[in-house]
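Trainee: I am new to this structure and would like a close look at a single part of it. Please take the pairing of oppositely charged side chains, and start with where things sit along the chain.

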Amino acid sequence: MNRTAQVVPNHYEALAGAQFADRYVLITEGLSLTALGAAERALGRTPRWVGWLTALRNLAVRPFRLKTGLEPAVLPFGRIGIFPLLSQFPGKVVLGLDDRHLDFRVLVEVRDLGMGRQEVAATTVVKTHNWLGRAYLAIIMPFHRIIVPAMLAQILVK
């Protein structure tokens, strides 16, 4: 897996006005994944330590009335893990949430490389709205850089 952030092509298509985008890639062999299947494997089952960090985050943001992803909202496409599914295309799913401090999108894309190999990419795109969004992004960024590759690696766990 490539643990370095890559240049994200056309991230403005995912979220107009975004100020941040990164992309992590995993190469798989013999899995024949769809984008929805890859998203479910990566985001639908969380390592215990990520669950603990998420619970801590939810407690910390409660006083600011920020969304946690656990709100009982009516979602037309449902959710994968805590992330609302916004749209689905061949080879790509888009998850995300809009809040008062920032909006974010997570794109999970699958590209066939031939010979039973696939490239699975997880792209995060963020647009902040105010000082709270910029502060929040700065605080979570070190965790994000550890969590996203760990979640992507879940795809390889049977």
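**Salt bridges**

Mentor: In sequence order, the elements of the protein chain run α-β-α-α-β-β-β-β-β-α. That makes four helices and six strands; both are DSSP runs numbered from the N terminus, a helix (H or I) having at least four residues and a strand (E) at least two. The model is predicted, so local features need pLDDT of at least 70 and side-chain atom pairs count only at pLDDT 80 or more, while totals for chains, interfaces and linings use all residues. Residues are numbered from 1 along each chain as its sequence is written, and side-chain values use heavy atoms, with hydrogens and water left out.

Now the pairing itself. Side chains of opposite charge can pair when their charged atoms come close. Here a salt bridge means a side-chain nitrogen of Lys or Arg within 4 Å of a carboxyl oxygen of Asp or Glu. Searching the whole structure gives three of them.

Take Glu 119 to begin with. Glu 119 pairs with Arg 23, and their closest N and O atoms are 3.4 Å apart. Glu 119 belongs to strand β6 (residues 117-128) and Arg 23 to strand β1 (residues 20-29), so this salt bridge ties together parts that are 96 residues apart in sequence. Both Glu 119 and Arg 23 are buried. Buried means under 20% relative accessible area, exposed means over 50%, and partly exposed lies in between (1.4 Å probe, protein chains only). Glu 119 has a relative accessible area of 14%, and therefore counts as buried. For the chain as a whole, 43% of the 158 residues are buried.

Glu 119 also meets Arg 111 in a salt bridge, at 3.3 Å from N to O. Arg 111 has a relative accessible area of 46%, which means that this residue is partly exposed. Arg 23, Arg 111 and Glu 119 are thus linked in a network of salt bridges.

There is also the pair of Arg 105 and Asp 98, whose side chains meet at 2.8 Å, N to O. Arg 105 counts as buried because its relative accessibility is 11%. Asp 98, with a relative accessible area of 37%, is partly exposed.

To put the part together: Glu 119 meets Arg 111 in one salt bridge and Arg 23 in another, while Arg 105 is paired with Asp 98.
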